[in-house]
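Here is a short guided tour to read with the structure open beside you. Take the sections in any order you like.

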Amino acid sequence: MKKLIGYLLSPFAIIAFFLVLVIFQPIQWVCFRFFGYAAHKRVVDFLNLCLYSTFYVIGDTVTFINKQNLPVGRPIIFISNHQSLLDIPPLIYHLRKYHAKFISKVELTKGIPSISYNLKHGGGANIDRKDPRQSMTELMKLGERMKTNNWSAVIFPEGTRSKDGVVRPFQSAGVAMLLKKCPDALLVPIAIENSWKVVRYGVYPLDTFVPMKWTVLEPIEPGKTPVAELVQQAEDRIRAIVG
């Protein structure tokens with residue numbers, strides 16, 4: 001029954017999602033070009049609120065839980081599992097006061113309304129997975145921007161999306177590179193649940209009435225602990241929630 005409803009409602013959700021992207025493309029351009037970073041960021045924050053609001057068209061819900069007293073004005077590396085592209089809009093919106101930047105594939109910087117523009121101008125890192133040197137350089141530049149501006153970053157150490165929700169082993173190289181340039185960053189795990197279920201059948205139909213949840217977990221102070229151990233701690237805390 002849910003799948004049948006998905007066939008009926010998915011076109012409305014998909015159209016709404018892409019309409020939001022198209023509408024915000026020129027707004028982003030104007031704000032960035034004439035008013036700078038702060039205005040552009042506010043637009044991107046609202047863009048992502050609108051994007052994840054389209055999830056409700058098919059009865060899916062977003063619950064974002066953050067009971068941690070995280071510092072504002074200190075760089076943070078948010079370490080999260082990754083289940084689908086739907087993970088990202090709630091993260092951008094609910095972490096907006098931390099100026100969280102993303103590490104994305106360079107291919108995404110072209111051809112996608114609003115998203116490509118933000119990736120080019122939002123301050124994140126756009127990496128070419130086929131070019132390790134370029135990827136390393138981009139991560140180092142992001143680490144430097146984090147330190148200079150007290151920005152934060154979101155990293156998905158699994159390296160790819162988990163299409164069945166099972167957490168894959170975390171890799172520590174990206175976190176190590178960011179900490180090398182921004183050693184005072186706080187590490188904060190985030191557990192994402194159920195977003196994979198929305199796209200379990202692919203883009204169409206989208207699954208309906210899925211309760212998605214994002215939970216910010218207890219921070220980890222880097223100190224002198226090896227980065228691999230820090231990332232393992234984050235992975236263990238996320239696995240305790242997601243399974």
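## Strands 1, 7 and 6

In this predicted model, Thr 61 sits opposite Pro 211 of strand 7. Strand 1 and strand 7 run parallel and are joined by six bridges. On to strand 6: strand 6 and strand 7 run antiparallel, with four bridges joining them. Here Ala 191 has Thr 215 of strand 7 as its bridge partner.

## The whole sheet

How do these pairs fit into the sheet? Seven strands make up an open sheet with mixed pairing, and their order is 1-7-6-2-5-3-4. Its edge strands, each pairing on one side only, are strand 1 (61–66) and strand 4 (125–127). On average, and ignoring direction, neighbouring strands of the sheet are turned by 20° against each other.

Strand 3 (residues 100–105) pairs with strand 5 (residues 152–155) in the parallel sense, over three bridges. In that pairing, Ala 100 has Ser 152 of strand 5 as its bridge partner. Which strands does helix 5 touch as it packs on the sheet? Helix 5 (residues 132–149) touches strand 2 (76–80), strand 3, strand 4 and strand 5. The direction of helix 5 makes about 175° with that of strand 4.

## Two nonpolar cores

In soluble globular proteins, nonpolar side chains tend to be buried together. The largest nonpolar core here has 39 residues, and those touching the most other members are Leu 70, Phe 78, Leu 91, Leu 95 and Val 154. At least two residues of this core come from each of helix 1 (2–35), helix 2 (37–53), strand 1, strand 2, helix 3 (88–94), strand 3, strand 6 (186–193) and strand 7 (211–216).

Leu 95 is a good residue to click on. Setting aside neighbours within four places in sequence, Leu 95 contacts Phe 64, Phe 78, Pro 90, Ala 100, Val 154 and Ile 190. Another core, of 27 residues, lies apart from the largest one; Cys 182, Leu 217, Leu 230 and Ala 234 are among its members.

## Helix 6 against helix 8

Two packed helices are described by the angle between their axes and the distance between the axes. For helix 6 (residues 173–181) and helix 8 (residues 227–242), the angle is about 120° and the axes are 9 Å apart. The two helices are therefore oblique to each other, and their crossing is right-handed.

Which residues make the contact? On helix 6 they are Val 175, Ala 176 and Leu 179, and on helix 8 they are Val 227, Leu 230 and Val 231. Leu 230 also appeared above, among the residues of the 27-residue core.

Technical notes: Residues numbered from 1 in each chain as written. Predicted model: local features only at pLDDT ≥ 70, side-chain atom pairs only at ≥ 80, totals over all residues. Heavy atoms only, no water. Pairing = 2+ DSSP bridges. Axes fitted to C-alpha atoms, helices over the stretch in contact; angles between N-to-C directions. Contact = heavy atoms within 4.5 Å. Core = buried A, V, L, I, M, F, W, Y, C linked by side-chain atoms within 4.5 Å. Buried < 20%, exposed > 50% of the residue type's maximum accessible area, 1.4 Å probe, protein only. Parallel < 35°, antiparallel > 145°, perpendicular 65-115°, else oblique. Left-handed = near helix turned anticlockwise from the far one by under 90°.
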